[in-house]
Amino acid sequence: MLSLFLSVSFVLKAQTADEDLGGGSLGQSQPFLYTINGLNPAARHWSLNYSGGYGQYTVTPLGFDGVQQNAAVKGYLGSRFTLLASMGVGFGANGNTQTYQQAEVFKDFIGGKSATGFRFGTSLGVIREFSSDIVALSRFNAAYENLSWKFAVNARVEKAFAADRDAFDLISSFGVLRKISGHFFGGVEAVGQDLEGLWETDEAEGGAKVLIGPSLNFVPPGSRLSFSLCAGPIFYVTHSSIVSNDSAVRELPVNNGFTIKFNVGFNFL
């Protein structure tokens, strides 16, 4: 009887560990809303992600001034490469409708061979923003995950191919999540946009902006679904002279704003 009890306990413990390491919180495609990384080995599948949000006095990539909906596909290409492709539509407060597309490829150079632990990589991509401006981007990304903690950091550089835009934009973000119970995590995420405005007085896009707010993440046990939520105020830390533009979506706010954004992920392969 004792040996049977020990055997059953060992099997149940192994199944729980397999779920945690092969599915569960480590198996999701994207625990954060703004801080994006390549997939870890437990999450090396293909997923469909639906996200939505609402914002006031905000600009891309912090949010959309109105209601935004987005669909994305994220998947593992092999050899520690990850593909992210997304498209979205925004419904502005003044009745205008804009679209958004993005494609990005990630590569982990350090780590990325274990479901837990540290990994570091970079990416290259292209965006067609809500304003229809074409933007090239690259980011350095780092992450650390285990069964209780999730950390992620991005340093993203963008080059917009439009005459009235900055030569380069610097966008940094970080997120931290701590297990509250089971596969339910809570923490904080922060994003800094146009940070060159902290030292440039002629920053062409209105100055530096910072978003910071609470972040929640949940993966139901044994489910292919995952859920994330982030909301918070947007502070316009510095202000510079704004270049006028005929496109309404490029009218840059001068008031502090806010945004709320959620994501639902589904692992289909």
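In this predicted model, the largest nonpolar core consists of 9 residues: Leu33, Tyr34, Leu62, Ile171, Val191, Leu211, Cys230, Ile234 and Tyr236. The strand that gives the most to this core is β11, with 3 residues. Apart from this core lies another one, made of 7 residues that include Ile127, Val135, Leu137 and Ala160. Such groupings fit a familiar pattern, as nonpolar side chains tend to be buried together in soluble globular proteins.

Isoleucine 234, one of the members of the largest core, offers a handy view of its surroundings. Neighbours within four places in sequence aside, isoleucine 234 is in contact with Tyr57, Thr58, Leu62, Val210, Leu211, Asn256, Gly257, Phe258 and Thr259. Among these contacts, Leu62 and Leu211 are themselves listed in the largest core.

The wider fold gives these cores their setting. The chain has 1 helix and 12 strands, and, read from the N terminus, the helix comes before the strands. Of the 269 residues in the chain, 48% are buried. Among contacts with a separation of 6 or more, 58% are between residues 24 or more positions apart. About 12,500 Å² of the chain is exposed, with 67% of that area supplied by carbon and sulfur atoms.

Part of the exposed surface is nonpolar. Tyr50, Tyr54, Val67, Phe91, Leu216, Leu229, Phe258, Ile260 and Phe262 make a nonpolar surface patch of about 700 Å². Two elements, β1 (47–56) and β12 (257–267), give two or more residues to the patch, and β12 gives the most, with 3 residues. Leucine 229, also in the patch, belongs to strand β11, which covers residues 225–236. Because its relative accessibility is 33%, leucine 229 counts as partly exposed. Strand β11 thus appears in both settings, giving 3 residues to the largest core and holding leucine 229 of the patch.

Tyrosine 54 shows how residues of the patch come together. This residue lies in strand β1 and, with a relative accessibility of 31%, counts as partly exposed. Its C-alpha atom is separated by 4.6 Å from that of valine 67, although the two residues are 13 residues apart along the chain. Beyond residues up to four places away in sequence, tyrosine 54 touches Phe64, Gly66, Val67, Phe258, Thr259 and Ile260. Val67, Phe258 and Ile260 are among the patch residues too. The side chain of tyrosine 54 also takes part in a polar contact of 2.8 Å with that of glutamine 56.

Charged pairs come next, and the structure holds 5 salt bridges. Side chains of opposite charge can pair when their charged atoms come close. One of these bridges joins the side chains of arginine 139 and glutamate 104, at 2.7 Å from N to O. The pair links distant parts of the chain, with arginine 139 in strand β6 (residues 134–145) and glutamate 104 in strand β4 (residues 97–110), 35 residues apart. Both partners are covered: arginine 139 is buried with a relative accessible area of 2%, and glutamate 104 counts as buried at 1%.

A second bridge pairs lysine 150 with glutamate 145, whose closest N and O atoms are 3.3 Å apart. Lysine 150 is buried, with a relative accessible area of 0%, and glutamate 145 is buried as well, at 6%. A further bridge brings together the side chains of glutamate 158 and arginine 156, at 2.5 Å from N to O. Here glutamate 158 counts as buried at 4% relative accessibility, while arginine 156 is buried with a relative accessible area of 9%. Through shared partners, salt bridges also join Asp108, Arg119, Glu145 and Lys150 into one network.

Lysine 150 of this network is also among the contacts of asparagine 217. Asparagine 217 has its place in strand β10 (residues 209–218) and is buried, with a relative accessible area of 0%. Its side chain makes polar contacts with two others: one of 2.8 Å with glutamine 28 and one of 3.0 Å with serine 228. Setting aside neighbours within four places in sequence, asparagine 217 is in contact with Gln28, Pro31, Lys150, Leu177, His183, Phe184, Phe185, Phe227 and Ser228.

Conventions:
Residues are numbered from 1 along each chain as its sequence is written. This is a predicted model: local features need pLDDT of at least 70, side-chain atom pairs count only at pLDDT 80 or more; totals for chains, interfaces and linings use all residues. Side-chain values use heavy atoms; hydrogens and water are left out. Patches are made of residues with over 30% relative accessible area and no salt bridge: like charges are joined within 9 Å, nonpolar side chains (Val, Leu, Ile, Met, Phe, Trp, Tyr) within 5 Å. Accessible areas come from the Shrake-Rupley method with a 1.4 Å probe; for residues, only the protein chains shown count as cover. A salt bridge is a side-chain nitrogen of Lys or Arg within 4 Å of a carboxyl oxygen of Asp or Glu. Helices (H or I, at least four residues) and strands (E, at least two) are DSSP runs, numbered from the N terminus. Buried means under 20% relative accessible area, exposed over 50%, partly exposed in between (1.4 Å probe, protein chains only). Contact means heavy atoms within 4.5 Å. A polar contact is a pair of N or O atoms within 3.5 Å; within protein, one must be able to donate a hydrogen and the other to accept it, and residues adjacent in sequence count only if both atoms are side-chain atoms. A nonpolar core is a set of buried Ala, Val, Leu, Ile, Met, Phe, Trp, Tyr and Cys residues joined through side-chain atoms within 4.5 Å.
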